[in-house]
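Thank you all for coming; I would like to walk you through one model today, and I will explain each term when it first comes up. Please have a look at it before I begin.

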Amino acid sequence: MPVPASACINAIGTAVPDHDIHHAFVDWALPRLSDPRERRLFSRMVDRSGIAHRWSVLPRTAAGGSPVAPGGFYDHATLPPTSERMSLYGESAPELACTAIARLGEQVTLGRISHLIVASCTGFVAPGIDQIIARRLGLDPGVERLLIGFMGCYAAITALRTARHIVRSQPDARVLVVCVELSTLHLQPHDALEPLLAMLQFGDGAAAALVTAEPEGIAIGPSFSATLPDSQGLIGWWIGDQGFIMHLSGEVPSRIQEALRDPGFRHAVTAGGDVGAIERWAVHAGGRSILDAVENGLDLAPEALAASRGVLADNGNMSSATLMFVLARMLGGRTPPESGVAMAFGPGLAAEGFGFGRAR
């Protein structure tokens, strides 16, 4: 029986908008807390968040202000309806995705794309953004497309794992994988601490990867998947009349840390190997507390999650695109690692991941 081809991430291109909204959000959110103790806690969490910038596709005001400034997108007694937000998604998501693809094209040749996989959970439009992107790129009308929606932060794992399956079954395939998320389209008028801390994490971003059997970059290895028991209420994402409504429980980090200390789960993550033997960890930068939980749960050295913490500082949590940004840091201008694990968490509460190593 023939040996299946290896599937390799040859390169990754990334893109964020040019509008930094992080500090404007903090200034908007803080006065919404009426309890002085909660305001002090929020300020302390901002300082400890590890986030310096978050970027938004929403336009600046005529005076150069943020979306929450006078004249901004959110400067209304009643915030914009979902229909208006989805109209912006349909315009901006393909544009940001194509910017990431163009940056990918600066590193590798993008000819003969046979498959297009797009992951996004922050908007809906039909024809889908997969079709819009394919048309803008001038791809063959017969390109095979897959749109992965509403899976949240771990959708990058699902998309890359799917690309691996395609390449291993069709060695001449050239799979373009795109993750694009516009989280800042979904600001909610909350005045409670927990949802404001959740919104503090998120920004917009897009990433694009080329996955082929060519031995360049990093090889995608076997994957793992696990849903934590009795955790379905910890992360939620619903379509509301004024955008999408997210619930992110403060219990998430402790549950992740607890799971990673379980020998069976740790065995799945490391494919039965020793944690200390894994050279690189590409962990979804869902927030500082998430990264601390992974570091503590796996007893990692402080520098092990440096790439993830760097992405968090520069961009915040960009949902599915975030993990691709972390992998891009491991590929850009450096010798790919001999061994690594990519891992992300999302609604369920579920953990998804795969092993990876240097392409050969």
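Let me start with E338, which forms a salt bridge with R358, their closest N and O atoms being 3.1 Å apart; by a salt bridge I mean a side-chain nitrogen of Lys or Arg within 4 Å of a carboxyl oxygen of Asp or Glu. E338 lies in the loop between α11 (321-331) and β12, whereas R358 is in strand β13, so the pair ties together parts that are 20 residues apart in sequence. Helices and strands here are DSSP runs numbered from the N terminus, with H or I over at least four residues for a helix and E over at least two for a strand. E338 counts as partly exposed at 39% relative accessibility, and R358 is partly exposed as well, at 28%; the word buried is kept for residues under 20% relative accessible area and exposed for those over 50%, with partly exposed in between, using a 1.4 Å probe and protein chains only.

Before going on, I should say that this is a predicted model, in which local features need pLDDT of at least 70 and side-chain atom pairs count only at pLDDT 80 or more, while totals for chains, interfaces and linings use all residues. Residues are numbered from 1 along each chain as its sequence is written, and side-chain values use heavy atoms, with hydrogens and water left out.

How many salt bridges are there by this rule? The count comes to 14, and one of them joins the side chains of E214 and R174 at 3.0 Å, N to O. E214 sits in the loop between β7 (204-212) and β8 (218-227) and R174 in the loop between α5 (155-169) and β6 (175-182), so this pair ties together parts 40 residues apart in sequence. Here E214 is partly exposed at 37%, but R174 is buried at 6%.

Another salt bridge brings together the side chains of R309 and D292, at 2.9 Å from N to O. This pair links distant parts of the chain, with R309 in helix α10 (residues 306-315) and D292 in helix α9 (residues 288-298), 17 residues apart. Both belong to a network of salt bridges that links R288, D292, E295 and R309.

Now to strand β12 (residues 340-346), where 7 of the 7 residues are buried. In a regular strand the side chains alternate between the two faces of the sheet. In β12, G340, A342, A344 and G346 point one way while V341, M343 and F345 point the other way, and all are buried.

Which strands pair with β12? Strand β11 (residues 280-283) runs parallel to β12 and is joined to it by 4 bridges, and strand β13 (residues 350-358) pairs with β12 in the antiparallel sense over 7 bridges; two strands are said to pair if DSSP finds at least two bridges between them. As examples, R280 has G340 as its bridge partner in β12, and M343 has G353 as its partner in β13. The hairpin of β12 and β13 has 3 residues between the strands, and in it G348 takes a positive phi near 150 degrees.

Finally, the cysteines: a search of the whole structure finds 0 disulfides, a disulfide being a pair of cysteine sulfur atoms within 2.5 Å. For C153, the nearest cysteine sulfur, that of C121, is 6.7 Å away. Why is C179 not bonded to C121? The sulfur of C179 is 9.9 Å from that of C121, its closest cysteine sulfur, which is too far for a bond.
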